[in-house]
Structures are given as C-alpha cells and as structure tokens.
Amino acid sequence: MSFDSLGLSAQILEAIAEEGYETPSPIQAKAIPAVLEGRDVMAAAQTGTGKTAGFTLPILELLSRGERAGPNQARALILTPTRELAAQVGDNVRSYSRHLPLSSTIVYGGVKINPQMMRLRRGADVLIATPGRLLDLYNQNAVRFKHLEVLVLDEADRMLDMGFIHDIKKILNILPKHRQNLMFSATFSDQIRTLAKSLVNDPVEISVSPRNTTTKLVKQWVCPVDKKQKPGLLTNLIKKHKWEQVLVFTRTKHGANRLSRHLDGKGITSAAIHGNKSQGARTRALTEFKSGEVRVLVATDIAARGLDIDQLPQVVNFDLPNVAEDYVHRIGRTGRAGATGQAVSLVSADEADQLVDIEQLIKQTLDRKIVAGFEPVHDVPETGHDPSRRPRKQKKPKKPKAGHKDGQRSGAKKAPKKPREKAEPMLATPRKAPRRRVKPRNNND
Ligand code: AMP
C-alpha cells in the first residue's frame, strides 16, 4: 500500500515524501481513512508505531479544506501529557503542513505564558497543548474553542497516570459538543475505557500492536548484578561494546543526576532529563543527545515518555520500573521503524518481583548474562514467564510533584503530600531477596 491511495492532498504527500516515508504504517493505514471520513477513533498504539502521523495527516487534510482559524481560535486541539511530547507532536505537525497554509502553535507549562498568549492572538489551526497550561490560557481569555473541529487525546493512559483527569474533564466542558474525537493510548485500562465512554462516539477501534507485546526487533536481556555495582557495570558495558547512543532509565530523579555525574567522571558524556530540570535544560539535553554530542541520556520514565529519537540502538534499564508496563514503553524507544535495537536491564536481587511482573507481562523469560567481574554476591532469584501464575497487584505509579509536573499549571493546587523519593538506588543496600518457589535453572547463560 502507498500513501497515494489514502485520500491525502498533493501538498501532504509531498511533505511525507520529504520525510522519507514510503509506506503507511499499519496504524496510519487504518486511522487515516477513518479520520478523513469524520469518524471518532479510539486507538491502542504506543510510540514507535507512527501514531502521530496517523492522526496528524488526516487532520491537516480536513483542516486544509475549511476556513483558517480566526484570532484566538483553535480548530484542532491535540492534548499531550508532557512538554516533550507536545514539542515533538508540534514538530511533526509543522513538518507535515509545510506546504499547506495552516498555522500551528505549541503551548506547555514551565515556560513564560506571555509569548504563548501573543502567538495565540493570531489563532491556530492546530493547537498542541499540555492540559494545565491550556486551562491557564483559557482562563486568561487567550484561547477560544468556538470553531473547534477536532480533539486528540494523545497518550491518554499517561495523562491519567499523571493525575490530569480533572483538567481533562474541565477542558471537555469548554469545548463545543459537536466535534470529532480521537483518543490514543498505549493501554486500555478500565479507567481509560470510562473516559473513552464520555469522549468518543461510535468510534472506529484500532489496535496495531497487541497490548503489552514487545517488539521482536528488540534484543532483550538481563544482567544480574549487585546494586552497588550497577554504575561500574554500566560504564563497563558502554566502553566494552562501544555504545555511542544510549538511553538509560532510572527510577528516580536523584538517581538520574547521580548516574549522569558518575558517567561524566568516567569520561562518558551524559545528560540527565527529568521533571526537576528546566524546560531549557531538557530540550538542550535532548538536542545534544540526538546530535551525538552527549553519548548517554539518563532519564526517568515520565521525562522519557514519547521521546522520539530515531533508530535508537541501545536502551538500558539501570533500575527496573515499578510498573511493568513502563518496561514496554521504555524499550519501545529502540528497534523503531524496522531498525534493530538492544535493551539490557541491570537487575539486582531486590528487583526480582519487578522482573517477574515484566516477564509475565511480555510473556517471555528474559535471557540472563552475568558479566565477568560483576558477578552478584546477592543472587537474583530465578524468575520466568509462567502462564499459570496470577498477576501480582502492582503499585500505583507515584504522582509527580505539583511544582514540577510536566505541563501542570503554574499556581495549580498542590498535589497531596507524597512520600519522599525513595533512597537513591545506586547507594541503597540490596534488600534480602524475596522468597519464592522457583524452578531450578541452569545457570550457564
Ligand atoms: P510515532 O509513533 O508517531 O512516535 O512515530 C515514530 C517514528 O516513526 C517517527 O520518527 C516518525 O517520523 C516515523 N514514521 C512515522 N510514520 C512513518 C512511515 N510511514 N514510514 C517511516 N517512518 C515513519
């Protein structure tokens, strides 16, 4: 199949060709015709599937057929959970619309509001926004939705995880009732389905990669190691394998900072990206990483969500995520668009429970490789995918701090008091390994 048969105009096809896209990805093949028909869409798709073009291209096509946005008006609204994702979606919108007379604007929190208000005066055919800042702008009369035609909720599951449900409800209340709705989510929990019921109307349902499967193009393995040894092991792996562009995930912001300092001290250029960093610092880190100036980007899950880094060869889980589904999101950064990638997880004895959850979720037993010189003193108990095992109740992800929440309104109500960030993982002593009944495993691998 080619893009020519999907009903897009010559200007859009030209922009797609300039991007180097030859064939529509599965989600694009399904979503583009549905959106062009004016249908609501509910799609289960994560980053890396081409979902952004899947909704952006037909929206641009529809908008190009109508009247341009008037002052302070928006015709299409794309809501994203994080600033980075807003910026990336905005970049895509700009690229795909480069031959069309359409305007787009990106607004998010953490930066001055005045320039955004000025830009909105001219109106925006496409407005890309994080929820909190959008409400601030609306409350200051900087944006109006009288002529809104389309609403997109991108990464809806992450929006709910980040506590944006009330902001989303407020936004839905200020939009015209008659509009087209598109909802994208990596997962479809009961909460997402409830939200969907109030949002989409007789939707076309699209699911491109079965829920929670990890891409076959990603080679995944686990390095059992003591917690204290993780920084040394990571340095060793990067140097030994000459990894040049590595995205490393840590569970905490302090963990990310400390690891980044450690790597710098070992002569490996790195930058940390997380919710406590200013927007400028985050954008700079991402640019330097993409250009190769910085070899390692150390990120927390929320900061990394939706990062679009083409053909990233290497992802490292320095800590395993508490929520198994985040593992799938993390390794979704690699092996994109047909490229192969590797994802290695440094797992210490106290992380066996998380490893069990991940292996259950992805329905695979991950290979283990002990690296010479980093043999763990505290063994990681045997794990493995067991179809008969009942899922363990997972901990809810922590809400980010009010002051640093991605895209949250400045001056927004404080989040309820939350526990202090867990001890920085690199320094914590391994807990006694949880007791479990295990199959004997041959440890030669
Ligand atoms: P997304 O899932 O929207 O984050 O897109 C993931 C990556 O795939 C982005 O870098 C896009 O530029 C790229 N991409 C999207 N559609 C196509 C396509 N049809 N052919 C090749 N690359 C694509």
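Modeller: Two strands pair if DSSP finds at least two bridges between them. The model discussed here is predicted.

Colleague: How many bridges join β1 to strand β6?

Modeller: Strand β1 covers residues 41-44, and β6 covers residues 180-185. The two run parallel, and M42 of β1 stands opposite M183 in β6. The number of bridges joining β1 to β6 is four.

Colleague: Which residue in β7 is the bridge partner of A44?

Modeller: Strand β7, residues 204-207, runs parallel to β1 and is joined to β1 by four bridges. Within β7, the bridge partner of A44 is S207.

Colleague: Are the residues V41, M42, A43 and A44 of β1 buried or exposed?

Modeller: In a regular strand the side chains alternate between the two faces of the sheet. In β1, V41 and A43 point one way, while M42 and A44 point the other way. On either side, these residues are buried.

Colleague: Which strands stand at the edges of the open sheet of seven strands?

Modeller: The order in this sheet is β10-β11-β9-β12-β13-β8-β14, with parallel pairing. Each edge strand has a single partner strand, so one of its sides is left without a neighbour in the sheet. The strands in this position are β10 (270-273) and β14.

Colleague: Which residue in β13 stands opposite V315?

Modeller: Strand β12 (residues 314-317) pairs with strand β13 (residues 341-347) in the parallel sense, over four bridges. Opposite V315 in β13 stands A343.

Colleague: Why is α4 oblique to α12?

Modeller: The axes of α4 (residues 83-96) and α12 (residues 279-291) come within 11 Å. Angles under 35 degrees count as roughly parallel and those from 65 to 115 as roughly perpendicular, so an angle between these ranges is oblique. The two helices are therefore oblique, as their axes cross at roughly 55°.

Colleague: Which residues of α12 make the contact with α4?

Modeller: Helix α4 passes α12 in a right-handed crossing. On the α4 side the contact is made by R83, E84 and Q88. The residues of this contact divide into one nonpolar, two polar and three charged. Those contributed by α12 are Q279, R282 and L286.

Colleague: Why does F374 count as buried?

Modeller: F374 lies in the segment after β14 (367-368). Leaving aside neighbours within four places in sequence, F374 is in contact with P224, V225, Q229, G232, L233 and N236. Buried means under 20% relative accessible area. F374 falls under that limit because its relative accessibility is 12%.

Colleague: How far apart in space are F374 and L233, C-alpha to C-alpha?

Modeller: These residues are 141 residues apart in sequence. They are nevertheless in contact. In space, C-alpha to C-alpha, their separation is 6.7 Å.

Conventions: Residues are numbered from 1 along each chain as its sequence is written. This is a predicted model: local features need pLDDT of at least 70, side-chain atom pairs count only at pLDDT 80 or more; totals for chains, interfaces and linings use all residues. Side-chain values use heavy atoms; hydrogens and water are left out. Buried means under 20% relative accessible area, exposed over 50%, partly exposed in between (1.4 Å probe, protein chains only). Contact means heavy atoms within 4.5 Å. Axes are lines fitted to C-alpha atoms, for helices over the stretch in contact, and angles run from 0 to 180 degrees between N-to-C directions. Angles under 35 degrees count as roughly parallel, over 145 as roughly antiparallel, 65 to 115 as roughly perpendicular and the rest as oblique. A crossing is left-handed if the near helix is turned anticlockwise from the far one by less than a right angle, and right-handed if clockwise. Ala, Val, Leu, Ile, Met, Phe, Trp, Tyr, Cys and Pro count as nonpolar, Asp, Glu, Lys and Arg as charged, and the others, Gly among them, as polar.
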